[in-house]
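Visitor: I'm new to reading structures. Please pick one part, take me up close to it, and then show me what lies around it.

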Amino acid sequence: MRSLILSDLHGNWEALEAVLARADGTFDRVVCCGDLVGYGADPNRVTAWVRANVAEVVRGNHDRACSGMDDLSWFNPIAREAAEWTLRALDSENLAYLRALPRGPIDAGGLTLAHGSPVDEDEYVATVEEARMIEGHLPAPRCFFGHTHLQGGFEYRRGSVVRPHFALHRPARLHRESWYLVNPGSTGQPRDGDWRAAYALYDEEGDELTLERTEYDVEGAQRKIREAGLPELLALRLETGA
Ligand code: ZN
């Protein structure tokens with residue numbers, strides 16, 4: 001089974017479309033680590049696509065916030081404004097779908113999906129120290145997560161945690177005896193200094209992981225954000241990936 005792993009789509013249809021075009025023919029199924037909506041101007045189109053095409057999805061904090069399940073007072077003002085806009089924009093079917101998404105981690109057959117840390121869906125795992133703190137709490141040896149919008153992963157091997165280097169576009173065979181916690185990166189709002197849409201491919205049979213990036217119509221996504229009246233910063237940050 002070859003999985004296309006998506007995370008943090010954030011209502012960015014242009015980015016999702018480019019990923020699907022680029023990944024075409026390289027996967028058997030799609031799985032998602034959450035945050036389908038929030039920030040971007042196409043929450044309905046992205047959610048409808050996920051509903052129709054993705055069997056295994058965990059909810060993200062923005063999926064909760066944008067479907068009215070959370071108190072928004074702990075969000076920063078820009079995220080809150082986007083969440084309120086998204087809640088107004090979502091149609092009833094997409095809203096119901098987002099509200100029913102399961103909390104991670106979930107077993108997706110051959111791999112596990114979480115949004116934040118496997119311990120807490122709202123927790124960020126960005127550093128080796130943070131990854132070390134949850135050693136012993138990973139539910140399975142091949143775990144994928146999102147939330148940080150940073151592409152890359154952590155390898156748990158013989159009592160130590162390291163950050164393996166995965167070259168882009170090149171399949172890397174994982175170590176059988178190691179456990180991995182891997183972020184495919186954000187498709188819709190990368191924050192690791194690379195504006196290109198991120199995703200990952202995992203081939204269960206060969207135990208091979210490939211991290212990918214693809215260019216997309218960032219100007220199209222920005223235009224829609226501006227036309228929707230969403231905060232300008234949300235348009236600007238797409239072109240820097242910061
Ligand atoms: Zn996110």
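Guide: We'll begin at the metal site and work outwards from there. One thing up front: this is a predicted model, where local features need pLDDT of at least 70 and side-chain atom pairs count only at pLDDT 80 or more, while totals for chains, interfaces and linings use all residues. Numbering starts from 1 along each chain as its sequence is written, and side-chain values use heavy atoms, with hydrogens and water left out.

So, the zinc ion. Asp8 (OD), His10 (NE2), Asp35 (OD) and His149 (NE2) coordinate the zinc ion at 2.1 to 2.3 Å. (Donors are N, O and S atoms within 2.8 Å of the metal, or 3.2 Å for Na, K and Ca; water is not among the atoms, so a site may look incomplete.) Try finding those donors in the sequence: their spacing reads D-x1-H-x24-D-x113-H. Asp8 is buried, at 0% relative accessibility, and His10 is buried too, with a relative accessible area of 1%. (Buried is under 20%, exposed over 50%, partly exposed in between, with a 1.4 Å probe and protein chains only.)

Next, follow His10 to Leu36. Beyond residues up to four places away in sequence, Leu36 touches His10, and its other contacts include Leu9, Gly11, Val46, Thr47, Val50, Asp63 and Tyr97. (Contact is heavy atoms within 4.5 Å.) Leu36 is also a busy member of the largest nonpolar core: of the 44 residues there, Leu4, Leu6, Leu36 and Trp49 touch the most other members. (A core is a set of buried Ala, Val, Leu, Ile, Met, Phe, Trp, Tyr and Cys residues joined through side-chain atoms within 4.5 Å.) Helix H1 (residues 13-23) gives the most to this core, with seven residues. There's a second, separate core of 18 residues, with Leu111, Ala172, Tyr180 and Ala200 among them.

From Leu6 we can step into a sheet. Leu6 stands opposite Cys32 in E2, and strand E1 (residues 2-6) pairs with strand E2 (residues 29-32) in the parallel sense, over four bridges. (Helices, H or I with at least four residues, and strands, E with at least two, are DSSP runs numbered from the N terminus; strands pair if DSSP finds at least two bridges between them.) The whole open sheet has six strands in the order E3-E2-E1-E11-E12-E9, with mixed pairing. Strand E3 (56-57) and strand E9 (172-173) are its edges, each pairing on one side only.

Another open sheet of six strands runs E4-E5-E6-E10-E7-E8, again with mixed pairing. Strand E4 (106-107) and strand E8 (160-162) each have a single partner strand, so one side of each is left without a neighbour in the sheet. Further in, strand E7 (residues 152-157) and strand E10 (residues 179-183) run antiparallel, joined by five bridges. Phe154 has Leu181 in E10 as its bridge partner.

Leave E10 by the loop that leads to E11, and you'll meet Arg196. Arg196 is partly exposed, at 22% relative accessibility. Its C-alpha atom is separated by 4.8 Å from that of Glu215, 19 residues apart along the chain. Apart from neighbours within four places in sequence, Arg196 contacts Leu168, Pro190, Arg213, Thr214 and Glu215.

One last stop is helix H7 (residues 218-227), whose buried residues are Val218, Gly220, Ala221, Gln222 and Ile225. They pack against H1 and helix H8 (232-240), which brings us back to H1, the helix that gives the most to the largest core. Just after H7, Gly229 takes a positive phi of about 80°.
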